[in-house]
Amino acid sequence: MVKVKKEEDKAILSEFLSFDGKDLFIWILPLSFLFSIWEAVVTIGIMPSDLCPPPSKVFETLLFRLGSPEFIAAILRSFLNISFGILLALVAATPLAILAGLRIGFDSSVTPLLMLVGGLPDLAILPLAILWFGPETSAILMATLCAFFPIFFTVRTGVREIAPDFFQVLMIFHPGKFNELREVILPAITPHLITGLRLSLDFVWEVVLAVEIVVRVAGIGSFINISAEAGAIHDAFAGIMAIGFLSIALDRLLFGFLENRVRKWQ
Amino acid sequence: MDSLSQIEVEDVTKVYRFKGTEFPIIKNVSFKVKKRDFTCIVGPSGCGKSTLLKMMAGLEKPTYGAIRFEGERIKGPHPKISMVFQSFALFPWRTVLQNVELGLEGKHLSKTDRLRIARELLEMVGLKGYEDSYPKALSGGMKQRVGIARALAVDPEVVLMDEAFSALDEYTSAALREDILDIWRDTGKTFILVTHNLREAVEMAEDVIVLSSKPTTVRRIVKIALKRPRHSDDPDFVRIHKDLYRLLREELETTMVRYRLRRIKELREVEDIEKMEDEN
């Protein structure tokens, strides 16, 4: 059975990684169209190339930078800030959201409070966070803060949408408190959790880059900032491009994989 | 304990509390269900039939009174009492086979035994070949067949069915009813079906327990001594159906507009007479 599952996973994964001709055509075509326009605009001279380098130059720089340890370290640093932030948020938000979804009393006492904090612009807290925790930890904590709410609210909705019959089925056929979590709640919230994580990832990129740029915490954000200030525009563009590719990779590999597992039954 | 009766509902009252006030929804209900019997519980909608069934399943507790299974008071779900749901309530993230296996997972069975039992039951309900499908790919009738297989997999003595055919179209439910009767005859298990469909009750039941509403009490227990297979155009079938219908109809009258208008008119007339008397 376990073996079968692994093979299923492999099939899903390969389905994701293998692009057949049609697939390739669909996403490569608009992309190359965009890059051609950009290249043309800069070459003709509509945009001055010292403010906006052509894509060929950007890719060249990116390839060159990928060989440099500092650049890789900066990307890795940002990636870790984001991952830790989301992981912490996941650990904190999921149990709270499950409780809030199950118990109306808990929901009505805790959720308004969370909404109050969540309603604040995340960066409003940044100066205090730096004061209390220092710049490095602040980047992670800010990420946690803004990943928390999408996860909390999507999971809470997911728990609320579970049919009460499901719990009765479990009481009759497979009783046990732990079973409620394992057999009903966790599978039922998975689709919601994926949505929550997707939203989180978007928000977290923004806030982590902002912290890196404003407070000059090491990372791809400060790399872009420093490059732009030093007039190395092609380096700044390479940094932005690197973030773009990393996001696409995360989206396709992680979420695409999870979503396909859920789509089998949903 | 009556040696024949398997389930005894003894003077059960269920009260809901809302803002400090008590609302009795079921009041002093008593009846017995014999082993291997097919019992239908009918009553007007919203009369607490399902609540009664859920108490028999151990999912809810009576406020007063007791429900006994083979002499033993039911305090929670019992391994020998299983249930089929109106909404099917299959777990969408489990395959058909895994849904049927659910009740076997808590028991001390090897994986091979579990699979064997689940496969046998799926074959019995006519779903061989669908083991690895997910519920979303199944029609309503097929989903309920999985629900039935899941309920039978735990080898229960009593199968409770809560409006098990009500969410299905006419043809599907007719076929499924016949299958359930065959299963009942072959397995010798006790079946208790809650339904609002009187024709269904006459077709299937040995005993029909007719409930009245607001609060729910037992109006009458009707024995149905028709030979099987029963046909709805048989004159005796028609007569029993009519009798049951009349019983419920009287029950419904009290909630109908016509009845209430008549009551209002009567009250007005009394008021008018009183007024006239005052004037005189």
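Chain A of this predicted model is divided into two domains, with domain 1 covering residues 1-47 and domain 2 covering residues 50-263. The C-alpha centres of domain 1 of chain A and domain 2 of chain A lie 23 Å apart, and the two are joined by a contact in which nine residues of domain 1 meet eleven residues of domain 2. On the side of domain 1 of chain A that touches domain 2, α1 (2-17) and α2 (21-44) of chain A each supply at least two residues, and it is α2(A) that gives the most, with five residues. By class, the residues on this side of domain 1 of chain A divide into seven nonpolar, one polar and one charged.

The secondary structure of chain A consists of ten helices and zero strands, so that a reader following chain A from the N terminus passes through the elements α-α-α-α-α-α-α-α-α-α. The C-alpha trace of chain A spans about 70 × 55 × 30 Å along its principal axes. Of the 266 residues in chain A, 32% are buried, and among the contacts in chain A with a separation of 6 or more, 71% are between residues 24 or more positions apart.

Chain A also touches chain B, through a contact that takes 14 residues from chain A and 19 residues from chain B. On the side of chain A, helix α7 (residues 164-173) gives the most to this contact, with seven residues. The side of chain A that touches chain B is made up, by class, of nine nonpolar, three polar and two charged residues.

Chain B contains eight helices and ten strands, and its C-alpha trace spans about 90 × 45 × 40 Å along the principal axes. Buried residues account for 35% of the 280 residues of chain B, while residues 24 or more positions apart provide 70% of the contacts in chain B with a separation of 6 or more.

One part of chain B to examine is an open sheet of four strands, which has the order β2-β1-β4-β5 and antiparallel pairing. At the edges of this sheet stand β2 (21-34) and β5 (72-73) of chain B, and because each has a single partner strand, one side of each is left without a neighbour in the sheet. The pairing of β2(B) with strand β1 (residues 5-18) of chain B is antiparallel and runs over ten bridges. Among the bridge partners, B:S5 is matched with B:K34 in β2(B), and B:Y16 is matched with B:F23 in β2(B). These two strands, β1(B) and β2(B), form a hairpin with two residues between them, and B:K19 in the turn has a positive phi of about 50 degrees.

A second set of strands in chain B can be followed from strand β3 (residues 38-42), in which five of the five residues are buried, so that β3(B) is largely enclosed by the rest of the structure. In a regular strand the side chains alternate between the two faces of the sheet. Both faces of β3(B) are covered, with B:F38, B:C40 and B:V42 buried on one side and B:T39 and B:I41 buried on the other. Four bridges join β3(B) to strand β8 (residues 190-194) of chain B, the two strands running parallel, and here B:F38 stands opposite B:F191 in β8(B). With strand β9 (residues 207-212) of chain B, β3(B) likewise pairs in the parallel sense over four bridges, and B:T39 stands opposite B:D207 in β9(B).

Strand β3(B) appears again in the surroundings of helix α7 (residues 235-253) of chain B, whose buried residues pack against β3, α6 (198-204), β9 and β10 (217-223) of chain B. This helix has 19 residues and reaches 26 Å from its first C-alpha to its last, close to the 27 Å expected at 1.5 Å a residue. The buried residues of α7(B) are B:I240, B:L244 and B:L248, and because they cover an arc of only 65 degrees around the axis, they lie on the same side of α7(B). The face of α7(B) turned away from this buried side carries the exposed residues B:P235, B:R239, B:R246, B:R249, B:E250 and B:E253.

Methods. Residues numbered from 1 in each chain as written. Chains lettered and ligands numbered in written order. Predicted model: local features only at pLDDT ≥ 70, side-chain atom pairs only at ≥ 80, totals over all residues. Contact = placed C-beta atoms within 7 Å. Nonpolar A, V, L, I, M, F, W, Y, C, P; charged D, E, K, R; others polar. Buried ≥ 20, exposed ≤ 12 C-beta atoms within 10 Å, placed from the backbone. Domains from an automatic or database assignment. Pairing = 2+ DSSP bridges. Expected span 1.5 Å × (residues − 1). Arc of directions from axis to C-beta.
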